[in-house]
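Reader: Before I accept the labels attached to this model, I would like each one set against its definition. Could you take me through them?

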Amino acid sequence: MKQMIRKGFAIATGTVIAGAVALGLVACSPVAAAGNESAGAARAAGQVAAEPRLHPVSGLAVVPLKVVTKRGAHVFQVEVAASPLEQERGLMWRNAMGADEGMIFPFSPPRRTAFWMKNTVIGLDIVFIGPDHKVLNIAAKAVPYDETPLPSAGQAAGVLELNAGRAAQIGLAPGDTVTW
């Protein structure tokens, strides 16, 4: 009887592990494999097809974002939180983010807004960007889990989240330009 239970447990464990590996491979894939026959044919013919790059954790589109400061230009790869649901979740529960990564929250039409750090594990710099793509203000080194509202200093067309301290490292300040 014990041997049957062990054998059943071993089969179940193997099935769970195989399923998790398969799920992990799908979840980490930046581009869905199904339906890309024409894209593959275009690459084979030497043409570059414009495929969206997706973040392996969030599944959100990743786009380049350029910041121009007095020290020069810096390019980040940012996840785009476009829908209300994506914006509500933001970077909650994330444990890490690369030095040149971030998340952009575009707003159309621009509006006054405030962010908080509810359920946000990593410290962030929250950069409020006006309709002219100029930095309005920066909530530097926002504290993880803090629910204190951090407001924009005017109408925001977007909000950029970077790792805490990153804005200071690149010399980002109000009046600098941000484009995505």
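Author: W93 is a good place to begin, since its relative accessible area of 47% makes it partly exposed, a class that lies between buried (under 20%) and exposed (over 50%), computed with a 1.4 Å probe on protein chains only. The model is predicted, so local features need pLDDT of at least 70 and side-chain atom pairs count only at pLDDT 80 or more, whereas totals for chains, interfaces and linings use all residues. Residues are numbered from 1 along each chain as its sequence is written, and side-chain values use heavy atoms, with hydrogens and water left out.

Reader: What makes the phi of W93 worth a remark, and where is the place of this residue?

Author: Phi of W93 is near 70°, which is a positive value in a residue other than glycine, and W93 sits in the loop between helix 3 and strand 3. Helices (H or I, at least four residues) and strands (E, at least two) are DSSP runs numbered from the N terminus.

Reader: Why does Y145 count as partly exposed?

Author: Its relative accessibility is 45%, and therefore Y145 counts as partly exposed. Y145 is placed in the loop between strand 6 and strand 7 (150-151), and its phi, near 70°, is positive although the residue is not glycine.

Reader: Is T69 buried or exposed, and how do you know?

Author: T69 has 10% relative accessibility and so counts as buried. This residue belongs to strand 1 (residues 62-69), and a polar atom of its side chain lies 3.1 Å from the backbone nitrogen of R71. Not counting residues up to four places away in sequence, T69 touches I170, G171, L172 and D176, where contact means heavy atoms within 4.5 Å.

Reader: Why is V75 called partly exposed, and which residues does V75 touch?

Author: At 48% relative accessibility, V75 counts as partly exposed, and it is found in strand 2 (residues 72-80). With residues up to four places away in sequence left out, V75 touches P64, L65, K66 and D100. The C-alpha atoms of V75 and D100 are separated by 7.3 Å, although the two residues are 25 apart along the chain.

Reader: What makes the peptide bond from S108 to P109 stand out?

Author: That bond is cis, with omega near 5°, and P109 is found in strand 3.

Reader: How many residues has the largest nonpolar core, and which of them have the most contacts inside it?

Author: The largest nonpolar core, meaning buried Ala, Val, Leu, Ile, Met, Phe, Trp, Tyr and Cys residues joined through side-chain atoms within 4.5 Å, has 17 residues, and F105, F115, L124, I126 and V159 have the most contacts inside it. Strand 3, strand 5 (124-129), strand 6 (135-142) and strand 8 (156-163) each supply at least two residues of this core. Apart from it lies another core of 15 residues, among them V67, I104, V127 and V178.

Reader: Which residues is F105 in contact with, leaving aside its neighbours within four places in sequence?

Author: F105 is in contact with A81, Q87, G90, F115, A157, G158, V159 and E161, once those neighbours are left aside.

Reader: Which residues of the lining lie nearest the centre of the largest pocket?

Author: Q87, E88, F105, F115 and W116 lie nearest the centre, out of 18 residues that line the largest pocket. Helix 3 (84-89), strand 3 (101-111) and strand 4 (114-115) each supply at least two residues of that lining, and helix 3 gives the most, with three.

How values were computed: On a 1 Å grid over the protein atoms alone, a cavity is a set of points where a 1.4 Å probe fits but cannot get out, and a pocket is an open set with protein on both sides within 12 Å along at least five of seven lines; lining residues have an atom within 4 Å of a point. A polar contact is a pair of N or O atoms within 3.5 Å; within protein, one must be able to donate a hydrogen and the other to accept it, and residues adjacent in sequence count only if both atoms are side-chain atoms.
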